[in-house]
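Let's take a friendly walk through this protein together. Keep the sequence and the 3D view open as you read.

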Amino acid sequence: MISKEKIESCLKTKILGRKIHYYQVLSSTNKLAKNLALHGASEGTLVIAEKQTEGKGRLNRKWFSPNGGLWFSIILKPKIKTFEASKLTFPISLAIAETIRKTFNLNVEIKWPNDILINNRKVCGILTESVTKEKKLKFVVVGIGLNVNINLKEFPENLRCSATTLKEELKRNVKLEHLLCELLFQIEREYELFLNEDFRKILERWKSFASFLGKRIKILMNGKLYEGIAEDVDNEGKLVVKFLDGTVRNFVAGELKYNFI
Ligand code: BT5
């Protein structure tokens with residue numbers, strides 16, 4: 001069980017998690033966080049659930065969220081242009097990857113745009129949802145799903161080959177509250193840098209986790225499959241792909257695959 005008191009006592013942040021909404025069971029932390037933000041919840045508000053019954057991925061996909069994981073959402077209110085909100089996944093995924101590497105000494109990778117992988121298997125997903133009013137960015141809900149103390153055999157069969165958990169990798173359980181506090185601390189740090197610093201500097205560090213760069217990749221976008229070399233991620237966060245005929249295209253979104261045979 002996650003203890004709200006334990007979270008409060010290990011928090012080192014200034015704004016993230018200073019207001020906590022804790023639930024044993026919730027449909028989706030992102031859904032509730034969005035609702036709270038629409039009703040005026042402050043920046044940094046954290047929604048966390050032990051278990052989600054309708055955990056959401058991107059494009060209405062489902063996120064498997066049983067007991068033992070960290071399923072949480074944070075409300076952010078960055079003073080940035082609406083089109084820049086999609087860049088937020090970069091400081092967030094960088095903070096998560098850095099925390100996992102530093103805390104557990106695990107070899108972690110980031111797969112564009114928003115997956116955290118260990119040994120080529122997904123351990124964490126991020127869902128960023130922006131709400132705008134009259135074209136202005138009102139708030140962003142960042143939802144993070146991290147597989148922690150879960151055995152792989154509890155996963156639905158179709159995910160067992162593509163997913164992993166920290167417990168599977170470390171062969172032990174991890175203290176959820178401590179890990180959450182560390183994650184929030186790093187996320188806040190990277191978020192502040194994102195607001196005050198050149199995005200390119202964050203991207204540079206992000207790229208050190210991006211082992212797909214330079215590799216042969218396939219990318220599925222709007223039902224169409226493209227194949228080429230992942231050349232770079234540009235300063236807008238778009239994936240630059242060089243096709244076999246030499247032409248280059250920048251992708252805003254899509255499903256990336258690499259390390260295939
Ligand atoms: C994501 O979507 O990776 C974003 C996941 C965000 C989940 C968090 S949990 C807290 C917050 N509240 C929510 O309701 N959501 C957020 P996407 O890139 O679309 O990946 C979804 C795909 O990952 C699914 O279609 C499955 O193939 C796979 N998947 C589902 N559950 C998984 C899990 N627990 N671990 C690894 N892979 C999973």
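What follows goes from the domains to the sheets, then to the cores and two single residues.

This is a predicted model, in which local features need pLDDT of at least 70 and side-chain atom pairs count only at pLDDT 80 or more, while totals for chains, interfaces and linings use all residues. Residues are numbered from 1 along each chain as its sequence is written, and side-chain values use heavy atoms, with hydrogens and water left out.

**Domains.** The protein is divided into domain 1 (4-207) and domain 2 (216-257), with bounds that come from an automatic or database domain assignment. Taken over C-alpha atoms, the two domain centres are separated by 25 Å. Twelve residues from domain 1 and 15 residues from domain 2 take part in the contact, where contact means heavy atoms within 4.5 Å.

**Two sheets.** Helices (H or I, at least four residues) and strands (E, at least two) are DSSP runs, numbered from the N terminus. Two strands pair if DSSP finds at least two bridges between them. The two open sheets are set out here, with the average turn between neighbouring strands given with direction ignored; axes are lines fitted to C-alpha atoms, for helices over the stretch in contact, and angles run from 0 to 180 degrees between N-to-C directions.

| Strand order | Pairing | Edge strands | Average turn |
|---|---|---|---|
| β1-β2-β3-β7-β6-β5-β4 | mixed | β1 (20-26), β4 (108-111) | 20 degrees |
| β11-β10-β9-β8-β12 | antiparallel | β11 (248-251), β12 (255-258) | 45 degrees |

In the sheet of seven strands, β1 and β2 (residues 46-52) pair in the parallel sense over six bridges, and Leu26 stands opposite Gln52 in β2. In the sheet of five strands, β10 (residues 239-243) and β11 form an antiparallel pair over four bridges. There, Leu239 stands opposite Phe251 in β11. Helix α5 lies across β2, β3 and β7 (136-146), and runs at about 30 degrees to β3.

**The cores.** A nonpolar core is a set of buried Ala, Val, Leu, Ile, Met, Phe, Trp, Tyr and Cys residues joined through side-chain atoms within 4.5 Å. Buried means under 20% relative accessible area, exposed over 50%, and partly exposed in between (1.4 Å probe, protein chains only). The largest nonpolar core has 70 residues, of which Leu70, Ile100 and Leu166 touch the most other members. Helix α5 (residues 176-196) gives the most to this core, with nine residues. Both domain 1 (4-207) and domain 2 (216-257) give residues to the core, so it lies between them. Leaving out residues up to four places away in sequence, the contacts of Leu166 include Ile100, Phe104, Leu146 and Leu179. A second, separate core of ten residues includes Leu26, Ala41, Val131 and Phe139.

**Two residues to look at.** Is Ser73, in strand β3 (residues 70-76), buried or exposed? Ser73 is buried, because its relative accessible area is 0%. Its side chain makes a polar contact of 2.6 Å with that of Asn30; such a contact is a pair of N or O atoms within 3.5 Å, where within protein one must be able to donate a hydrogen and the other to accept it, and residues adjacent in sequence count only if both atoms are side-chain atoms. Beyond its neighbours within four places in sequence, Ser73 is also in contact with residues including Thr45, Val47 and Gly143.

Leu244 lies in the loop between β10 and β11 and counts as exposed, because its relative accessibility is 60%. Leu244 and Glu227 are 17 residues apart along the chain, with 7.6 Å between their C-alpha atoms. Not counting residues up to four places away in sequence, Leu244 touches Arg216, Glu227 and Gly228.
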